[in-house]
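Student: Before we discuss any labels, could you show me the model, and then let me ask how each term is justified?

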Amino acid sequence: MKISNHWKHLAAAVVATAALTGTAIGPAAAEADVAALYNSAQRHFTDGDDAAGRADLRALIAADPHDADALALQAIWSHYAGDGAAVGDALARLGGVDAGMAAGTHRVLHAVTAAAATLPNPLPALVGPQTGIVVLGYGLLPDGALRPELENRLTAAWLHAIAAPFSPVIVTGGNPQNGISEAEAMRRWLVGRGLPGDRIHVEDRAGSTVQNALFSTRMLRDLGATSAVVVTSPNHIRRAVADFIVAGTTVVGAMTSLEQLVSQLPPPARNAQRGIYLDATRTFELDTAR
């Protein structure tokens, strides 16, 4: 269980309350109450009841004004709700508690805004060796073969790799089937179509878009790349772009296959963006539960 760095503030408040009221409230009980509110808020956000989640966070912050994770979540979900005043209040409070967390929360808000404005694009960008091409995996068939959607992503990535011959290529995805990870199956496909094996870098642990972003960002840094073009399906590109930005990657392009392209061109409605916000909080590595 993660214990807040500012626990001493809450403990002091509990002791003061007990002294004034004569109520026997121990620190363990207060901690449990705050954890219960945090867990309830996160469940509500996952279930789509954002108003209830924000109400839980308000109660938590009233009990512990120094809870940085709660303040960050309040800012993010108030942004989703379009409540600018609540965003500003949460960020101002967070800045006084943890400046680093406040800066990261600003990055999350930038990421979801940029992602919502991203257009699926089938055309490769002209980039150099400092920009990696990152293609995201998709579930394999039970025998380890590629599904058509993953072949579409790989075709887009191959086109981009030909247009930008000096850019490193990262294939990311775990979830093995028949002993073959998504990333390894992707590597084999690209090598089979002429890409040099030493140009392709395999990230075979990720089991989600969040992990695709976190693990690939570390690999990009190890390769000396300062930015990336993200390659995935049109209906996945906005969530992926948000996660990579939150993870710390400068996204300079987003390439998709032609499949479903037209239907995904309009910007998503607000309620269709909630998956982007959920993923962004997880890429930011805010605890889903305490």
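**Terms and evidence**

Tutor: Let us begin with strand β2 (residues 169–172), where Val169 and Val171 point one way and Ile170 and Thr172 the other, all of them being buried. This is a predicted model, in which local features need pLDDT of at least 70 and side-chain atom pairs count only at pLDDT 80 or more, while totals for chains, interfaces and linings use all residues. Residues are numbered from 1 along each chain as its sequence is written, and side-chain values use heavy atoms, with hydrogens and water left out.

Student: What makes β2 a strand with side chains pointing two ways?

Tutor: Strands are DSSP runs of E with at least two residues, helices are runs of H or I with at least four, and both are numbered from the N terminus. In a regular strand the side chains alternate between the two faces of the sheet. By this count the protein has 11 helices and five strands.

Student: How do you know that strand β1 (residues 131–136) and β2 pair?

Tutor: Two strands pair if DSSP finds at least two bridges between them. β1 and β2 have four bridges, in the parallel sense, so they satisfy that criterion. The bridge partner of Val134 in β2 is Ile170. β2 is also joined by four bridges to strand β3 (residues 200–203), again in parallel, and there Val169 stands opposite Ile200.

Student: What makes the crossover from β2 through helix α8 (residues 182–192) to β3 right-handed?

Tutor: A crossover is given that name if, with the strands pointing away from the viewer, the path from the first strand over the helix to the second runs clockwise. The β-α-β path from β2 through α8 to β3 is right-handed, and β1, helix α7 (residues 148–163) and β2 likewise make a right-handed β-α-β unit.

Student: Which elements do the buried residues of α8 pack against?

Tutor: They pack against β1, α7, β2 and β3, where a contact means heavy atoms within 4.5 Å. Among these buried residues are Met186, Trp189 and Leu190. After α8 comes Gly194, whose phi is positive, near 100°.

Student: Why is Val262 called exposed, and Pro165 partly exposed?

Tutor: Relative accessible area decides the label, with buried meaning under 20%, exposed over 50%, and partly exposed in between (1.4 Å probe, protein chains only). Val262, in the loop between β5 (251–256) and α11 (274–283), has a value of 66% and is therefore exposed. Pro165, in the loop between α7 and β2, has 46%, so it is partly exposed. Of the 290 residues of the protein, 49% count as buried.

Student: What makes Leu119, Val262 and Leu265 a nonpolar patch?

Tutor: Patches are made of residues with over 30% relative accessible area and no salt bridge (a side-chain nitrogen of Lys or Arg within 4 Å of a carboxyl oxygen of Asp or Glu). Like charges are joined within 9 Å, and nonpolar side chains (Val, Leu, Ile, Met, Phe, Trp, Tyr) within 5 Å. Val262, at 66%, passes the accessibility cut-off, and the three residues together have about 290 Å² of accessible area, computed by the Shrake-Rupley method with a 1.4 Å probe, with only the protein chains shown counting as cover for residues.

Student: What is notable about the phi of Asn178?

Tutor: Most residues other than glycine have a negative phi. Asn178 has a positive phi of about 55° although it is not a glycine. Asn178 lies in the loop between β2 and α8, and its relative accessibility of 57% counts as exposed.
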